[in-house]
Amino acid sequence: MIPVTTFKGRNVALFGLGGSGLATAQALVSGGANVTAWDDNPESVTRASQAGINVADLRGIDWSKQAAFVLSPGVPLTHPKPHWTVDLAKAAGVEIIGDVELFVRERRAHAPDSPFIAITGTNGKSTTTALIAHVLKESGRDTQLGGNIGTAVLTLDEPKAGRFYVVECSSYQIDLAPTLNPTAGILLNLTPDHLDRHGTMQHYADVKERLVAGSETAIIGVDDSFCTLIADRVERAGVAVKRISKRSPVADGIYADGTKLVLAHGGASELFVDLDGIPTLKGAHNAQNAAAAVAACLVVGLTPTEIVQGLKSFPGLKHRMQPVGRRGHVVFVNDSKATNAEAAAPALSSYDRIYWIAGGLPKQGGITSLAPLFSHIVKAYLIGEAAPAFAATLGESVRYEISGTLEQAVAHASADADGDAIASAVMLSPACASFDQFKNFEVRGDAFVQLVADLQDVTMLVDTGNRS
């Protein structure tokens, strides 16, 4: 845990006592703050009270005596309308911040030179975050990984010299971190997302811009118009900018030329690494992720050799285009995190011959947007509630069967792929939520991995944790 000492002896109101919220309350208490916490969920309030946190309805506190209001990032700050606690804090002139802001203040207070890489973007941020942390760890650096990727940032080890932080930041977290100042700030891309919480695409982009605007070095993907304009603005404001692209050369930064990453500076360019042969970094989207990781690792002092070694040993992000097993010419790929068509597209575009397991609880729009990638699919194995609708979309374009269950789909797809003389992939990339048959996409992905492990003569590339 990182004790939040910057509010020692001061009153802090806190709302939101889920996993990260409770951790934040405990970090504040550990650092000596006088915390009053609340949640709309009575069970969360009870759990916090049992953990020793002072709980009280924030409608009844004296807001004029609060030094800060710490809000869980899952609670609306602005749209569709501010949460009632936000209105109370604003009326009293109390600053509203989140756990990432508390972290950056602790870092500034105790170890301002500890390297800090912050990552955001609409797509790819979890993979990029995991990749950077892997490269740092493989190089022998003391590395802390957290934030939106699943580990609350205040549960990490406390800042000290030589300790590296890699933190994934959602737009909600950035909105609550007004002094966010990473050593290297990464903005990968921007497409419409979370507009119910940000109102407009422009406001969403403005929030994301804050992460790179406060960086010592900003690493910005310039393959969309919003990010291109942000890169120009941030640079004019005096921030060092490294541009990255998955499709076009840049003057100062890193770009992809097919599978090759090219380092460009001062009008000259040189090959940095060829990603061909790294199965966990297949596809143009992963070229962008890798370019961002390379740029960030160079900024914080790694050598090219250390970076290349780390890229080559990257095991992949669990449940995201994750090669989990191999049998002869067939690779088994777990892409369970692809819970809609847009998320499934990168995996489908990265392999030429796919035995595709898809379906579950359908999302609006189905898989019609994937039609340009149907030529990559040898056969589809449809499961769950979406199976009839997906079958109608595939029509005569793609061979398919309605397998019904994941177990049947894996058995049939693996048998069919074995009969294919050409290298191919058996891929779970559902383009659907999991809730009709599984608790979440993690459980669905783990089930796929175990079913692959139970097949005969498969060499597993991951540890299932369940095998004798």
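This tour proceeds through the structure by successive selections, from domains to single residues. The model is predicted.

**Domains.** Begin by colouring the chain in three parts: domain 1 (11-97), domain 2 (100-313) and domain 3 (322-460). Between the C-alpha centres of domain 1 and domain 3 the distance is 43 Å.

**Helix 4.** Next, select residues 99-110, which form helix 4. The end C-alpha atoms of this helix are 17 Å apart, in agreement with the 16 Å expected for twelve residues at 1.5 Å a residue. Nine of the twelve residues are buried, so helix 4 is largely enclosed by the rest of the structure. To see which ones, display Asp99, Val100, Glu101, Leu102, Phe103, Val104, Arg105, Glu106 and Arg107. The elements that cover these buried residues include helix 1 (19-30), strand 3 (68-71), strand 4 (96-97), strand 5, strand 7 and helix 6 (171-175).

**The sheet.** Now show the open sheet of nine strands, whose order is 6-7-5-8-9-10-11-12-13 and whose pairing is mixed. Strand 6 (142-147) and strand 13 (268-274) are the edge strands, each pairing on one side only. From one strand to the next, the twist averages 20°. At the edge formed by strand 6, select also strand 7 (residues 163-168): the two strands pair in the parallel sense over six bridges. Gly146 has Val167 of strand 7 as its bridge partner.

**Helices on the sheet.** Add helix 5 (125-138). Helix 5 lies across strand 5, strand 6, strand 7 and strand 8 (184-187), and runs at about 170° to strand 7. Then add helix 9 (residues 225-236), which packs on the sheet and touches strand 8, strand 9 (217-221) and strand 10 (240-245). The direction of helix 9 makes about 160° with that of strand 10.

**The annotated site.** Finally, select Gly121, Thr122, Asn123, Gly124, Lys125, Ser126 and Thr127, which an unreviewed UniProt entry annotates as "binding site". Two threonines of this selection merit separate display. Thr122 lies in the loop between strand 5 (116-120) and helix 5, whereas Thr127 is placed in helix 5. Are they buried or exposed? Thr122 has a relative accessible area of 9% and is therefore buried; Thr127, at 9% relative accessibility, likewise counts as buried, the cut-off being under 20%. Which residues does Thr127 contact beyond its neighbours within four places in sequence? Display Asn286, Asn289, Phe314, Leu317 and Arg320 to see these contacts.

How values were computed:
Residues numbered from 1 in each chain as written. Predicted model: local features only at pLDDT ≥ 70, side-chain atom pairs only at ≥ 80, totals over all residues. Heavy atoms only, no water. UniProt positions renumbered as here; feature names shortened; annotations may be inferred. Helix = DSSP H or I, 4+ residues; strand = E, 2+ residues; numbered from the N terminus. Buried < 20%, exposed > 50% of the residue type's maximum accessible area, 1.4 Å probe, protein only. Contact = heavy atoms within 4.5 Å. Pairing = 2+ DSSP bridges. Axes fitted to C-alpha atoms, helices over the stretch in contact; angles between N-to-C directions. Domains from an automatic or database assignment. Expected span 1.5 Å × (residues − 1).
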